[in-house]
Amino acid sequence: MPKGVPNKRYTPEFKKLVVETMLEEKLSYSEAARQFEINDYGIIQRWERIYLEEGSEGLAIERRGRKSTGRPMKLQKEVEEDLIAEVQRLRAENAYLKNLQALVLENERQHHRKHR
């Protein structure tokens with residue numbers, strides 16, 4: 001691409017027109033690209049996928065740049081508190097079961113010694 005020439009932006013209406021015309025007239029990606037003067041038919045493939053998955057509203061979303069892989073989303077305060085309470089309860093239950101198992105094993109050992 002020549003230096004200083006910005007990428008061409010297409011309106012959501014134009015994208016919808018291209019995809020719907022392609023589907024109605026059963027055009028290939030190459031034929032649709034030629035008919036609508038789009039340089040790369042890969043653009044039309046992406047538009048078609050978005051149109052089929054999300055509908056025509058999905059074509060209005062700007063998708064330039066890289067996806068954000070930053071911090072995970074914050075949970076609601078109530079949900080976070082519920083999860084913390086559940087983790088604490090499960091840890092207490094786990095500790096109780098470990099102690100119970102140790103007591104049962106000790107009881108079995110003593111019972112086994114008495115019968116010898």
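This report covers helix α3, its packing against helix α1, and several residues around them.

The model is predicted: local features need pLDDT of at least 70, side-chain atom pairs count only at pLDDT 80 or more, and totals for chains, interfaces and linings use all residues. Residues are numbered from 1 along each chain as its sequence is written, and side-chain values use heavy atoms, with hydrogens and water left out.

**Helix α3**

Helices here are DSSP runs (H or I, at least four residues), numbered from the N terminus. Helix α3 covers residues 41–54. Its 14 residues, at 1.5 Å a residue, should span 20 Å. The expected span is 1.5 Å times one less than the number of residues. The end C-alpha atoms are 20 Å apart, so the model agrees with that expectation.

Both ends have a local feature. At the N-terminal end, D40 acts as a cap: one of its side-chain oxygens lies 3.1 Å from the backbone nitrogen of G42. Just after the helix, G55 takes a positive phi of about 85 degrees.

Which residues of α3 are buried? They are G42, I43, I44, W47, E48, I50 and Y51. Buried means under 20% relative accessible area, exposed means over 50%, and partly exposed lies in between (1.4 Å probe, protein chains only). The cover over these buried residues includes α1 (12–24) and α2 (29–35).

**Packing of α1 on α3**

Two packed helices are described by the angle between their axes and the distance between the axes. For α1 and α3, the angle is about 90 degrees and the axes are 10 Å apart. That makes α1 roughly perpendicular to α3. The term applies to angles of 65 to 115 degrees. Axes are lines fitted to C-alpha atoms, for helices over the stretch in contact, and angles run from 0 to 180 degrees between N-to-C directions.

On the α1 side, F14, K15, K16, V18, V19, E20, M22 and L23 take part. They meet I44, W47, E48, Y51 and L52 in α3. Contact means heavy atoms within 4.5 Å. By class, this α1–α3 contact has 9 nonpolar, no polar and 4 charged residues. Ala, Val, Leu, Ile, Met, Phe, Trp, Tyr, Cys and Pro count as nonpolar, Asp, Glu, Lys and Arg as charged, and the others, Gly among them, as polar.

**Y29, on helix α2**

Y29 sits in helix α2. It is partly exposed, with a relative accessible area of 28%. Leaving aside neighbours within four places in sequence, Y29 is in contact with M22, Y41, I44, Q45 and E48. With E48 there is also a side-chain polar contact of 2.3 Å. A polar contact is a pair of N or O atoms within 3.5 Å; within protein, one must be able to donate a hydrogen and the other to accept it, and residues adjacent in sequence count only if both atoms are side-chain atoms. Y29 and the capping residue D40 are 11 residues apart in sequence and 9.1 Å apart in space, C-alpha to C-alpha.

**Exposed residues**

Four exposed residues are listed here.

| Residue | Place | Relative accessible area |
|---|---|---|
| K26 | loop between α1 and α2 | 71% |
| E37 | loop between α2 and α3 | 65% |
| E62 | loop between α3 and α4 | 52% |
| E78 | helix α4 | 58% |

Most residues other than glycine have a negative phi. K26 has a positive phi of about 55 degrees although it is not a glycine. Phi of E37 is also positive, near 55 degrees, and E37 is not a glycine either.

E62 and W47 are 15 residues apart along the chain, and their C-alpha atoms are separated by 12 Å. For E78 and L105, 27 residues apart along the chain, the C-alpha separation is 41 Å.

Technical notes:
Helices (H or I, at least four residues) and strands (E, at least two) are DSSP runs, numbered from the N terminus. Angles under 35 degrees count as roughly parallel, over 145 as roughly antiparallel, 65 to 115 as roughly perpendicular and the rest as oblique.
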